[in-house]
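Hi there,

Here is the structure I promised to pass on to you. Please have a look at it first, and then read my notes underneath.

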Amino acid sequence: MLFRKNDKNLESKIDFDRLPQHIAFIMDGNGRWAKKRGRLRTFGHKVGAESMDAIVRHARDLGIKVVSFFAFSTENWNRPKEEVGEIFSIARKLIVEKKESFLKSNMRVIVIGDRKRLPEDLQKEIEDCERVTKDNDGLIVNVALNYGGRAEIIGAINRIIKDGVKEVNEEIFKSYLQTSNIPDPDLVIRTSGEQRLSNFMMYQCAYSELYFPKVHWPDFREKQLDEAIIEFQKRDRRFGAIKK
Ligand code: IPE
Ligand code: IPE
Ligand code: MG
């Protein structure tokens, strides 16, 4: 492939029989990345969208089953109106421009979070993209927009009450989450050196491996994903049992 910037040497260190099925990305550091270059924060979001695109394609090439991206949190409404608007317009542009390629590459796009508060044109593009890619059975691209883990859990509980369910177990509860059809993340990657979940899929991440590279999101590309997978494969996932 002509423009793949990944390092074949690194890829040879990946054990393709033990890939994480689901990798979740907390795309942090766009603002700091831009500031360091004397640019506006929104420039960081624009280049960050390019990272997202590169990571989607690389994950597909590697054979990952699901990638999740935290694009806008329920707390991000506390940012200046202009920045919020710009993030939504970048998200819309990405969806419009990439829809055809998602479709052709057999990718399925799903969006989690409370979309009712998003601009209407963005809501329409999301619905359209979900609809046209819904029968694809390749890589699932899950984008969290106006998403909060607590809001998701509370929403699930309210729907359970409405349905008159008297008792739940983990299986029933999962079916009420927006991620009901995807496996829990095996690996959570948060860029920029911050080490917190910031309300991202806490329920689903109960047993995820956490990885905190120092690079800001606009610099997180193919090579950095390879490195993350290699690190993941060094971890010993015990799930409460003892070492074999
Ligand atoms: C992540 O980058 C993108 C969003 C939260 C939408 P930030 O915008 O949080 O960048 P920093 O953390 O301020 O550098
Ligand atoms: C988390 O990043 C949200 C997204 C990546 C969309 P923030 O930059 O908003 O998180 P905090 O405020 O540093 O916890
Ligand atoms: Mg941040």
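Below is what turned up, starting with the ligand site and ending with one loop residue.

Please keep in mind that this is a predicted model.

Let's begin with ligand 2. The space it takes is the largest pocket. Around ligand 2 you will find Ile26, Met27 and Asp28, then Phe70, Ala71, Phe72 and Ser73, followed by Asn76, Arg79, Arg190, Arg196 and Ser198. Sorted by character, this shell has five nonpolar, three polar and four charged residues. Strand β2, which covers residues 66–73, supplies the largest share of the shell, with four residues.

Which side chains have a polar atom by an oxygen atom of ligand 2? Ser198 is one of them, with an N or O atom of its side chain 2.6 Å from a ligand oxygen. Arg196 places a polar side-chain atom 2.8 Å from an oxygen atom of ligand 2, and for Arg190 the corresponding distance is 3.2 Å. As for how covered the ligand is, ligand 2 taken alone exposes 390 Å², and the protein buries 77% of that.

Now to the loop residue, Asn199. You can find Asn199 in the loop that runs between β5 (187–190) and β6 (209–211). Is Asn199 buried or exposed? It counts as buried, because its relative accessibility is 14% and the cut-off for buried is under 20%. The Asn199 side chain also reaches the backbone nitrogen of Arg150, at 2.9 Å.

Enjoy exploring it!

Best wishes

Conventions
Residues are numbered from 1 along each chain as its sequence is written. Chains are lettered from A and ligands numbered from 1 in the order in which they are written. This is a predicted model: local features need pLDDT of at least 70, side-chain atom pairs count only at pLDDT 80 or more; totals for chains, interfaces and linings use all residues. Side-chain values use heavy atoms; hydrogens and water are left out. A residue is near a molecule or strand if one of its heavy atoms lies within 4 Å of it. A polar contact is a pair of N or O atoms within 3.5 Å; within protein, one must be able to donate a hydrogen and the other to accept it, and residues adjacent in sequence count only if both atoms are side-chain atoms. Accessible areas come from the Shrake-Rupley method with a 1.4 Å probe; for residues, only the protein chains shown count as cover. On a 1 Å grid over the protein atoms alone, a cavity is a set of points where a 1.4 Å probe fits but cannot get out, and a pocket is an open set with protein on both sides within 12 Å along at least five of seven lines; lining residues have an atom within 4 Å of a point. A molecule sits in a cavity or pocket if more than half of its atoms lie within 2 Å of its grid points. Helices (H or I, at least four residues) and strands (E, at least two) are DSSP runs, numbered from the N terminus. Ala, Val, Leu, Ile, Met, Phe, Trp, Tyr, Cys and Pro count as nonpolar, Asp, Glu, Lys and Arg as charged, and the others, Gly among them, as polar. Buried means under 20% relative accessible area, exposed over 50%, partly exposed in between (1.4 Å probe, protein chains only).
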